[in-house]
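I set out to record how the chains of this model meet and what lies at its core. The entries below follow the order in which I looked things up.

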Amino acid sequence: MSTATQPVDNGVNVAALLDAREALSKAPEAAQFTWRASCEWVNGTHSRSTIQGFFGLGEEQRHKQAFTLDADHPEVFASEDNGATPVEIVLAGLASCLTAGVASVAQNRNIQLKSVKATLEAGMDLQGILGIDSDVRNGFQGIKVTYDIDADATKEEIEAIVAQSQKRSAVYDVITNPTNVTVVVA
Amino acid sequence: MTGATQATAVILGAGHAGLAMSRCLADRSIDHVVLERGEVANSWKKERWDSLRLLTPNWQSRLPGYRYEGDDPDGFRTMAETIRYLERYAEVIDAPVRTQTTVTCVSRRGEGYEVKTDRGAWRCRAVVIATGACSIPRLPGFADALPPCLDRVTPQQYRNPDQLAPGGVLVVGASATGTQIAEEVHRSGRPVTLAVGEHIRVPRTYRGRDIEWWMDAAGVLDDPYDAADNLERVRSLPSLQLAGSDDRRSVDLNHLRELGVRFVGRFAGIRDGHALFAGSLRNMCALSDLKMNRLLDRIDEWALQAGLDGQIDPPHRFEPTRVDASPPIDMDLDSGEIRTVVWATGYRPDYSWLKVPVLDRKARLVHDGGVVREPGLYVIGLPYLRRLRSSLIDGAAADAAFLSAHLAGYLDGQKATDQSARASMKV
C-alpha cells in the first residue's frame, strides 16, 4: 500500500520543535525549565497529586487546566486501591515520554505511524521496601519496555526510531542515571 | 623591548594539518612561519601509547604533494613510522618550522594579529590555528571524587599495561582509544571493566576490503559539513571503534567480550565511594549497531552501482552487539576490585592563549568550515571541519587547499582595500 501522496501526519508539529531548538540554542537561559507537582495525603496510602504550573521560557507557565492524579496501593497491600501504585505511575511516565519521542522522531523522519503500543514490566523484590533483606534495593530490578508499532517503515527504521526516542527521553534519563534528590521539611 | 618579527601568515602547530597548510601557502608564495611548541609531530611523539598504530591504512594519509610510497599500502603505521612520515614531509616541503616555540597569546593588532611566544613575538596578517582537537583530556565533572586509593590515568599519560598496578582496571569510554586500551590491558592480566556510553562500531574489513577504503570510495568521507543534520553533534562524535593491526581485527564489544572484558553503562557518577553506571547500555549498543548497518547499507548501495557485486564478497551483516540482561549499575570503588581508572573520555582543544573573541559560551571555536569570523583567522585539523575526512590526516589536503585559497583571497582583498584607502586619502 502506498501512501506516498499523503503527507505524513503524526500530529506532531516538528517545525515548531525545530524552531524552538534553534531559538533555545541561542538563548540557553530560556531553556531552563522547572517542573512541579504538589501532593496531598488523602487517607491511608491514598494521595492525590495536582499538576498545573511550571516555569520555562523565562516566565511562569500554566497547563490549560489542573491535572490530578490519584495514587494508592492495591488490596494485597491491605490498601484501598483508590489509584495506581506510585511505581506504576513511574512506568506510565516512562512509557508516555518514550512514546511522545517515538511520534516526534517518526514525524521528523517522515514516517507515518498507524499504531504504537508500549507494554511495560518491572520486577521488584518486596524484601527491599519491607526491610527484610538489606541487600535488596527498594526500586525496580529492571524495566522492560516492549513496543508494538505499525508504521509505513522497515523494521530497522522502526528500531532506529525507538532507539532515538530513548536517547532523547527525559524520563529514560531520570531512571537510567542517578539524580540528586533533596527532601526537606518546610 | 625587542620588536616583533613580521610574517604574512603564522601557522600554529606542526602536525599534519599545519604542515599541509604550510605547503599550500608556499605554493601561493605567501610567506609564513610554523610555530611549534615542541617538535614536528609533537603529540604523536609525546602523547600516545606505545602500541598505537594509525587507524587508517598507509595509502590513505595523503598530504599535499606527498603520499605513501612503500610496499605495504594496506598496513598501519606504528607511532615511530607516523612520526617519521610527518618529519619527512616537513623536510620534503621545507616547512619553515620554529620548534620549541610555545605560543602564549594571540591577539588583534591593527588589521592583523600579534602572536606572542616564549621566544619572541610575531606580527602577521593571518593566523592559522592547527593545534589540533586533542590538547586536553576531557574528564567528567565527578572525576575528582574518585577514592584516593585508585590510580587514574588519561590516554595522554598511558604508555603500556606494565605502567599500571596489578589488579582490576576500569576503562571509561569505548571509542578507538578506550577499546584498544581495554584490549591490551585485559590481555596483560588486569581484568578490565569497560564503561560504555555512545560509541561508533564499525568492522575493520567488510566484503574483503578495509572500511576506510569503502568510506573513501563510496564518498562517505566527503560528506560536507554544511549538509550535516546536526553539525555540533557530528563534530563531537567519538572516534570509530577501530584499531590498526597486522591481523586486521575489529575491536568491537563482541570481540572484547570474547577476551573476557566486562561491560557496564556510561559512568554516570560517584556516590558514597560507589561508581554508578547508566542503565542505558542496551540502547547505546542498539544505536551503534543501527548506525553501523546504515553505513553498510550505504556501502552496499554504492558497490551495486559501481558494478562491484559479483566481483567481491557478497553483502552480509555482523552479529548484533551482545549485552548482558542486567549489567552492573553499581560498583564499590573501595573494595579493591578496581585499582586503576583510565579516562578514555575524549579531549578538547586548548584555546586559553587565544585572546580574540571567537569562542562560544562553551569555549568552542566558532568557525564556518575553518573560516573564523574574525578576518584573517583560520582553523584546520578539527573533526568534521569541512567534511568527515577532515578528522583524518587524509583530510588535511582538501581543507588546506580551500583555506589557503580563502586566505589568499583575504590578503588580496585587504591589499585592494589598503590601496583604495590610500588612493582616497590622496584625493
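**Core**

I looked first at the largest nonpolar core, which has 123 residues; B:Val10, B:Met21, B:Val127, B:Val128, B:Val171, B:Leu194 and B:Ile380 touch the most other members. Such a core is a set of buried Ala, Val, Leu, Ile, Met, Phe, Trp, Tyr and Cys residues joined through C-beta atoms within 7 Å, and buried requires 20 or more other C-beta atoms within 10 Å of a residue's own, with C-beta atoms placed from the backbone. Helix α8 of chain B (residues 281-305) gives the largest share of this core, 10 residues; helices are DSSP runs of H or I with at least four residues, numbered from the N terminus.

I noted that this is a predicted model, in which local features need pLDDT of at least 70 and side-chain atom pairs count only at pLDDT 80 or more, while totals for chains, interfaces and linings use all residues. Residues are numbered from 1 along each chain as its sequence is written, and chains are lettered from A and ligands numbered from 1 in the order in which they are written.

**Chain contact**

I found 11 residues of chain A in contact with 13 residues of chain B (C-beta atoms, placed from the backbone, within 7 Å). Helix α3(A) supplies the largest share of chain A's side, 6 residues.

I then examined the contact of α3(A) with α8(B). A:Glu156, A:Ala160 and A:Lys167 are among the α3(A) residues that make this contact, and B:Leu287 and B:Asn293 are among those of α8(B).

Key. A residue is buried if 20 or more other C-beta atoms lie within 10 Å of its own, exposed if 12 or fewer, and partly exposed in between; C-beta atoms are placed from the backbone. Helices (H or I, at least four residues) and strands (E, at least two) are DSSP runs, numbered from the N terminus. Two residues are in contact if their C-beta atoms, placed from the backbone, lie within 7 Å.
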